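Q: I have a model open and want to go through its strands and helices. Can we take it piece by piece?

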Amino acid sequence: MSQEISIQAGGLNFIVEYRNFGKDRGPAIRVYADIENQAMQVLRFDCFEEDPHYHYDPDGKNEMHHLSLEDTPDTVAWSLEQIRSRTVEMLRTAGYNEKADQIDPEEIANSIGSMAAAISSLTPAEA
């Protein structure tokens with residue numbers, strides 16, 4: 001069973017967990033928004049050991065972008081920076097313009113320390 005830590009910030013719910021996916025694993029941050037009274041996963045950052053990547057609208061169009069470990073050796077720091085500075089832009093790219101207008105980016109930025117602490121507290125899940 002995976003450990004999940006929920007952090008509410010700026011009108012979004014950030015779920016921090018350690019994920020195993022196939023033969024890959026690592027910390028993940030799933031971003032949920034209330035869309036038409038339903039919790040929808042709108043973004044996800046998979047900071048995996050072998051194939052780190054992020055998703056726009058993972059439960060819908062699932063647009064996935066791979067990260068190069070050579071160019072981005074610390075994918076957790078990169079992901080937290082994207083959340084801190086680009087959440088509004090990323091929500092728009094994912095197709096959630098109305099939600100992007102409703103969130104509080106400053107509150108999200110202020111929660112990055114909590115997310116970093118949550119990631120540090122995770123223990124690798126059993127394969």
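Q: Start at the end of the sheet. In S6, which residue is the bridge partner of Tyr56?
A: Glu63 is the partner of Tyr56. Bear in mind that this is a predicted model.

Q: And what does His55 pair with in S6?
A: His55 has Met64 as its bridge partner there.

Q: How many bridges are there between S5 and S6, and in which sense do they pair?
A: There are 4 bridges, and the pairing is antiparallel. S6 covers residues 63-66.

Q: What joins them, and which turn residue has a positive phi?
A: S5 and S6 form a hairpin with 6 residues between the strands. Asp57 sits in that turn with a positive phi of about 50°.

Q: Go back one strand. How does S4 connect to S5?
A: Through a hairpin of 6 residues. S4 and S5, the latter being residues 53-56, run antiparallel with 4 bridges between them. Asp46 has His53 as its bridge partner in S5.

Q: What does Asp46 stand opposite on the S3 side?
A: Ala28 stands opposite Asp46. S3 is residues 24-35 and S4 is residues 38-46; 8 bridges join these antiparallel strands.

Q: What about the turn between S3 and S4: how many residues, and which has a positive phi?
A: That hairpin has 2 residues between its strands. Glu36 in the turn has a positive phi of about 50°.

Q: Now the whole sheet. What is the strand order?
A: The order is S1-S2-S3-S4-S5-S6, an open sheet of 6 strands with antiparallel pairing. S1 (4-9) and S6 are at the edges with a single partner strand each, so one side of each lacks a neighbour in the sheet. On average, neighbouring strands are turned by 25° against each other, ignoring direction.

Q: Anything tying S1 to a strand by side chains? Which residues meet in a salt bridge there?
A: Arg30 and Glu4 do, with an N to O distance of 2.9 Å. Arg30 is in S3 and Glu4 is in S1, so the salt bridge ties together parts 26 residues apart in sequence.

Q: How many salt bridges in the whole structure?
A: A search of the whole structure gives 9.

Q: Switching to helices. Which strands does H1 lie across?
A: H1, residues 75-94, lies across S2 (12-21), S3, S4 and S5. Its direction is at about 135° to S4.

Q: And where does H4 lie?
A: H4, residues 112-121, lies across S1, S2 and S3, and runs at about 180° to S1.

Q: At what angle do H1 and H4 cross?
A: Roughly 155°, with the axes coming within 10 Å. Angles over 145 degrees count as roughly antiparallel, and H1 and H4 are therefore roughly antiparallel to each other.

Q: Is that crossing left-handed or right-handed?
A: The crossing of H1 and H4 is right-handed.

Q: Which residues meet between the two helices?
A: From H1, Val76, Leu80, Ile83 and Arg84; from H4, Ile112, Met115, Ala116 and Ile119. By class, the contact of H1 with H4 has 7 nonpolar residues, 1 charged and no polar.

Definitions and conventions
Residues are numbered from 1 along each chain as its sequence is written. This is a predicted model: local features need pLDDT of at least 70, side-chain atom pairs count only at pLDDT 80 or more; totals for chains, interfaces and linings use all residues. Side-chain values use heavy atoms; hydrogens and water are left out. Two strands pair if DSSP finds at least two bridges between them. Axes are lines fitted to C-alpha atoms, for helices over the stretch in contact, and angles run from 0 to 180 degrees between N-to-C directions. Contact means heavy atoms within 4.5 Å. Angles under 35 degrees count as roughly parallel, over 145 as roughly antiparallel, 65 to 115 as roughly perpendicular and the rest as oblique. A crossing is left-handed if the near helix is turned anticlockwise from the far one by less than a right angle, and right-handed if clockwise. Ala, Val, Leu, Ile, Met, Phe, Trp, Tyr, Cys and Pro count as nonpolar, Asp, Glu, Lys and Arg as charged, and the others, Gly among them, as polar. A salt bridge is a side-chain nitrogen of Lys or Arg within 4 Å of a carboxyl oxygen of Asp or Glu.
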